[in-house]
Amino acid sequence: MQTNLYTKITDALVDDGYIIIQNALQPSLASSLKSYAKNETNFKPAGISGKSDLHLDATRRRDKIQWLEHDAKTQSEFLDFADGLREHLNRELYLGLSYYESHFAIYDEGNFYEKHLDSFKNFKNRVVTTVYFLNEEWTDEDGGALVVYDAKDNLLAKVEPQANTLVVFMSENFPHEVLPTKKKRYSIAGWFRIDKHD
Ligand code: OGA
Ligand code: MN
């Protein structure tokens, strides 16, 4: 089943550059990841760029994050899924992805993330983006949609951050934003990279 999912994602990246998958993983995984994030221990205000960049800009982005680590079982399960996908993408598309990094993000009521790209052309670090949602019972009125655009800024999709929905796209080609949320919103954003892990 996992292999089917990997194939589906790979084919979509080739054909369209992005994919939105509902009920992507085990629903129980989404709920245990959510339970973990709900504790909110060790979450820090997010910076705009890389992991070590401490530059904060609350006008563009207002969420708090915590990086996933392999030491907790639930996080490991998610990271193992991502690593399997990394191997599949490398085998099928020769992307040469060297590692995957991901963080939980919590958007409190009123929080948002302005339209941005996760990677800039020729910068060559983040190649494929994943966004995985953890919110049960989300409705349209709750706001907080992930809006995905194409390279010409045409709207492609408005994704409700419903638990167990997975979005995957090529990092350089798809500007996206998180609309202001009216309810506390939980997600995991991740990136397959091609630089050396430090
Ligand atoms: C990001 C991002 C979207 C989300 O962190 O770069 O676009 O829904 N996150 O958390
Ligand atoms: Mn992003």
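Guide: A quick sorting rule to start: Ala, Val, Leu, Ile, Met, Phe, Trp, Tyr, Cys and Pro count as nonpolar, Asp, Glu, Lys and Arg as charged, and the others, Gly among them, as polar. By that rule, the shell around ligand 1 has eight nonpolar, four polar and three charged residues. Residues are numbered from 1 along each chain as its sequence is written, while chains are lettered from A and ligands numbered from 1 in the order in which they are written. This is a predicted model, where local features need pLDDT of at least 70, side-chain atom pairs count only at pLDDT 80 or more, and totals for chains, interfaces and linings use all residues, with side-chain values taken from heavy atoms and hydrogens and water left out.

Visitor: What makes a residue part of the shell around ligand 1, and which are the closest?

Guide: A residue is near if one of its heavy atoms lies within 4 Å of the molecule. For ligand 1 that gives 15 residues, and the closest are His-116, Asp-118, His-176, Arg-185 and Ser-187.

Visitor: How do you know that Ser-187 makes a polar contact with ligand 1?

Guide: You look for a pair of N or O atoms within 3.5 Å; within protein, one must also be able to donate a hydrogen and the other to accept it, and residues adjacent in sequence count only if both atoms are side-chain atoms. A polar side-chain atom of Ser-187 is 2.7 Å from an oxygen of ligand 1, so the pair passes. Arg-185 has a side-chain N or O atom 2.9 Å from a ligand 1 oxygen, and for His-176 the figure is 3.0 Å. The protein covers 99% of the 290 Å² of accessible area that ligand 1 has on its own (Shrake-Rupley method, 1.4 Å probe; for residues, only the protein chains shown count as cover).

Visitor: Which element gives the most to that shell?

Guide: That's β11, with four residues. Names like this come from DSSP runs numbered from the N terminus: helices are H or I, at least four residues, and strands are E, at least two.

Visitor: What makes an atom a donor of the manganese ion (ligand 2)?

Guide: A donor is an N, O or S atom within 2.8 Å of the metal (3.2 Å for Na, K and Ca), and the site may look incomplete because water is not among the atoms. His-116 (NE2), Asp-118 (OD) and His-176 (NE2) lie 2.1 to 2.2 Å from the manganese ion, so these protein atoms qualify. In sequence the donor residues follow the spacing H-x1-D-x57-H. Both His-116 and Asp-118 are buried.

Visitor: Why is Arg-86 called buried, when Asp-83 is called partly exposed?

Guide: Buried means under 20% relative accessible area, exposed over 50%, and partly exposed in between (1.4 Å probe, protein chains only). Arg-86 has 15%, so Arg-86 is buried. Asp-83 has 29%, so Asp-83 is partly exposed.

Visitor: How do you know that Asp-83 and Arg-86 form a salt bridge?

Guide: The rule asks for a side-chain nitrogen of Lys or Arg within 4 Å of a carboxyl oxygen of Asp or Glu. This pair has 2.9 Å, N to O, so it counts. Both residues lie in helix α3 (residues 73-93), three residues apart, about one turn of the helix. In total the rule gives twelve salt bridges.

Visitor: What makes the salt bridge of Lys-115 and Asp-153 a tie between separate parts?

Guide: Lys-115 lies in strand β5 and Asp-153 in the loop between β7 (146-149) and β8 (155-159), so the pair joins parts 38 residues apart in sequence. Their N to O distance is 3.3 Å. Lys-115, at 36%, is partly exposed, and so is Asp-153, at 42%.

Visitor: Is Asp-142, the partner of Lys-183, buried or exposed?

Guide: Asp-142 is at 12%, so Asp-142 is buried. Lys-183, at 31%, counts as partly exposed. Their salt bridge is 3.2 Å, N to O.

Visitor: Why is Phe-104 called buried?

Guide: Phe-104 has a relative accessible area of 0%, so it falls under the 20% limit. You'll find Phe-104 in strand β4. Asp-63, at 6%, is buried too, and its side chain makes a polar contact with that of Tyr-107 (3.4 Å).
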